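The exercises below ask the reader to work from the sequence and the coordinates, and each is followed by a solution that goes step by step. Please attempt each task before reading on.

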Amino acid sequence: MKPVIGLTCDVGVENGLLTLRRQYLDAIIRAGGIPVVLPPTREPGQAETCLEFCQGLLLTGGGDVDPSYWGEPPSPALGYVSPVRDYFEITLTNLALAAGKPILGICRGIQVINVAAGGSLCQDLQTGMNHQQNAPRTQLFHDIFIETTSRLGQIYMTCQAGVNSFHHQAVARLAPGFKVSATSLDGTIEAIEINTAGFVLGVQWHPEDLEDKCSQALFRELVAVAELSGR
Ligand code: MN
């Protein structure tokens with residue numbers, strides 16, 4: 001059977017609507033996985049149950065992470081925060097890390113991985129470089145510089161690539177047990193990955209909106225590792 005990949009999503013505070021751009025689902029389907037949406041909840045034991053039937057986890061994009069998770073007061077530039085989503089995703093991530101399940105984190109997802117594993121975020125980038133493009137999501141906006149020896153480097157097979165960019169937060173203090181696998185010209189951390197064996201990778205851009213081979217290879221890697229570990 002194809003591996004089941006759990007995808008996180010947003011939930012509207014007022015109307016209770018779950019939102020997830022279908023590009024994420026399509027990317028998992030194209031890569032050979034079965035996408036399953038995991039709605040955020042505080043119900044005890046729910047994250048554990050969700051992970052039991054998922055062979056891999058895709059942490060999707062969304063609002064900002066509450067800085068109380070790394071002990072900082074909220075900055076005036078802090079954007080929309082969803083307490084239930086933060087709680088659910090950080091719980092899920094810690095469980096998946098403990099179980100050695102593969103995780104791909106996208107945009108907010110790289111931030112959730114870093115915070116769950118004990119790192120911190122910059123609440124509002126002020127580097128003089130724009131990371132919030134107004135161009136269409138499919139448009140490449142800035143370059144990243146990739147550590148060629150990293151897992152990301154093995155997937156991308158290049159030391160420099162163009163990506164899109166829709167974030168104003170980024171990894172600040174790297175979580176223990178992780179390394180930086182890509183940065184942009186201003187030094188902003190654009191990708192991190194776990195130091196040990198296993199597949200835990202976060203990217204700050206949105207590969208689900210890009211159609212190049214490298215972006216698709218990221219999803220294929222998640223699904224391939226999930227398939228192997230699920231056997
Ligand atoms: Mn960026």
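**Exercise 1.** Determine whether S165 and H167 are buried or exposed, and then describe the metal site to which they belong.

*Solution.* Start with accessibility, where buried means under 20% relative accessible area, exposed means over 50%, and partly exposed lies in between, with a 1.4 Å probe and protein chains only. By this criterion S165 is buried, and H167 is buried as well. Next, list the donors, that is, N, O and S atoms within 2.8 Å of the metal (3.2 Å for Na, K and Ca), bearing in mind that water is not among the atoms and that sites may therefore look incomplete. The manganese ion is coordinated by ND1 of H131, NE2 of H142, OG of S165, NE2 of H167 and OE of E190, at 2.3 to 2.4 Å. Finally, place these donors along the chain, where their spacing reads H-x10-H-x22-S-x1-H-x22-E.

Two remarks on the basis of these solutions belong here. The model is predicted, with local features requiring pLDDT of at least 70 and side-chain atom pairs counting only at pLDDT 80 or more, whereas totals for chains, interfaces and linings use all residues. Residues are numbered from 1 along each chain as its sequence is written, and side-chain values use heavy atoms, with hydrogens and water left out.

**Exercise 2.** Which residues does C107 touch beyond its sequence neighbours, and what is notable about its backbone?

*Solution.* First locate the residue: C107 is found in the loop between strand 6 (103-106) and helix 4, where helices (H or I, at least four residues) and strands (E, at least two) are DSSP runs numbered from the N terminus. C107 is not a glycine, yet its phi is positive, at about 55°. With a relative accessible area of 5%, C107 is buried. Then look for contacts, meaning heavy atoms within 4.5 Å. Not counting residues up to four places away in sequence, C107 touches G61, F166, H167, V203, Q204, W205 and H206; H167 is one of the manganese donors. C107 also has G62 at 7.6 Å, C-alpha to C-alpha, although 45 residues separate the two in sequence.

**Exercise 3.** Set M157 beside C107 by finding its phi and its accessibility.

*Solution.* M157 lies in the loop between helix 5 and strand 9 (160-163). M157, again not a glycine, has a positive phi of about 50°. Its relative accessible area of 73% makes M157 exposed, whereas C107 is buried.

**Exercise 4.** Describe how helix 3 and helix 4 pack, and where V112 fits into that contact.

*Solution.* Begin with the axes, which are lines fitted to C-alpha atoms, for helices over the stretch in contact, with angles running from 0 to 180 degrees between N-to-C directions. The axes of helix 3 (residues 83-99) and helix 4 (residues 108-116) come within 9 Å and cross at roughly 65°. The two helices are therefore roughly perpendicular to each other, given that angles of 65 to 115 degrees count as roughly perpendicular, under 35 as roughly parallel, over 145 as roughly antiparallel and the rest as oblique. Helix 3 contributes R85, D86, E89, I90, T93 and N94 to the contact, and helix 4 contributes R108, V112, I113, V115 and A116. Turning to V112 in helix 4, a relative accessible area of 1% places this residue among the buried ones. Beyond neighbours within four places in sequence, V112 is in contact with L59, V65, E89, I90 and T93.

**Exercise 5.** Where does S150 lie, and which residues does it contact?

*Solution.* S150 belongs to the loop between strand 8 (142-146) and helix 5 (151-156). Its relative accessibility is 2%, so S150 counts as buried. Setting aside neighbours within four places in sequence, S150 is in contact with K179, S181 and E193. As a last step, compare its position with that of a metal donor: the C-alpha atoms of S150 and E190 are separated by 13 Å, with the two residues 40 apart along the chain.
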